[in-house]
Amino acid sequence: PKHQVIYRCKKCRRIVASQENVRSGDGWDAETEPPCSSIFVEPMKWMQPVQEGHVEEKLQCLGCKARLGSFNWAGMQCSCGAWVNPAFQLHRSKLDECKT
């Protein structure tokens with residue numbers, strides 16, 4: 001069976017996303033591709049600036065307020081060069097990836 005990946009805030013361990021939230025096309029196969037420095041996810045309820053109607057803003061963990069990434073409805077470029085639109089970017093360096 002395939003393992004489910006959960007992404008947690010590295011600082012407080014709060015769950016911020018799962019593999020199901022990652023936008024298709026951003027997933028990578030560790031055997032064939034190097035990982036991008038970020039993952040792009042769908043907008044989620046914990047993303048307070050999104051809920052408040054902002055167009056672009058930083059994304060902070062609800063638990064500890066650590067900066068996890070940013071979003072922009074107009075899109076942004078991934079470290080691999082791909083353009084993602086709209087973009088809800090979480091930095092891998094700020095996350096722990098846990099397989100369940």
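This passage describes the fold, the two sheets and selected side-chain contacts of a predicted model.

The protein chain comprises one helix and nine strands. Read from the N terminus, its elements follow the order β-β-β-α-β-β-β-β-β-β, which places the helix after three strands and ahead of the other six. Of the 100 residues in the protein chain, 39% count as buried. The area exposed by the chain is about 6,200 Å², of which carbon and sulfur atoms supply 49%. Among contacts in the protein chain with a separation of 6 or more, 46% are accounted for by residues 24 or more positions apart.

Strands of a sheet pair through backbone hydrogen bonds, in either a parallel or an antiparallel arrangement. One open sheet in the model is built from four strands in the order β3-β8-β5-β4, and its pairing is antiparallel. The edges of this sheet are formed by β3 (38-40) and β4 (56-60), each of which pairs on one side only. On average, neighbouring strands of the four-stranded sheet are turned by 25° against each other, direction ignored. Within the sheet, strand β5 (residues 67-72) and strand β8 (residues 87-91) are paired in the antiparallel sense over four bridges. Asn-72 has Ala-87, in β8, as its bridge partner.

The edge strand β3 also contains Ser-38. This residue has a relative accessible area of 1%; because buried means under 20%, Ser-38 is classed as buried. The side chain of Ser-38 is joined to that of Gln-89 by a polar contact of 3.1 Å.

A further open sheet consists of three strands in the order β2-β1-β9, again with antiparallel pairing. Strands β2 and β9 stand at its edges, and each has a single partner strand, so one side of each is left without a neighbour in the sheet. Neighbouring strands here are turned by 30° against each other on average, direction ignored. Strands β1 and β2 run antiparallel and are joined by three bridges. Ile-6 stands opposite Ser-18, a residue of β2.

Two salt bridges are present in the structure. One of them is formed by the side chains of Asp-96 and Arg-13, with an N to O distance of 2.8 Å. This pair links distant parts of the chain: Asp-96 belongs to strand β9 (residues 95-99), whereas Arg-13 lies in the loop between β1 (5-9) and β2 (15-18), and the two residues are 83 residues apart. Asp-96 has a relative accessible area of 22% and is partly exposed. Arg-13 is likewise partly exposed, at 39% relative accessibility.

The other salt bridge brings together the side chains of Glu-97 and Arg-92, at 2.4 Å from N to O. Glu-97 has a relative accessibility of 43% and counts as partly exposed. Arg-92, by contrast, counts as buried, because its relative accessibility of 15% falls under the 20% limit. This salt bridge therefore joins a partly exposed residue, Glu-97, to a buried one, Arg-92.

Terms used:
Residues numbered from 1 in each chain as written. Predicted model: local features only at pLDDT ≥ 70, side-chain atom pairs only at ≥ 80, totals over all residues. Heavy atoms only, no water. Pairing = 2+ DSSP bridges. Axes fitted to C-alpha atoms, helices over the stretch in contact; angles between N-to-C directions. Buried < 20%, exposed > 50% of the residue type's maximum accessible area, 1.4 Å probe, protein only. Contact = heavy atoms within 4.5 Å. Areas by Shrake-Rupley, 256 points an atom, 1.4 Å probe, with all protein chains shown as cover. Salt bridge = Lys/Arg side-chain N within 4 Å of Asp/Glu carboxyl O. Polar contact = N/O pair within 3.5 Å; in protein donor to acceptor, adjacent residues only side chain to side chain.
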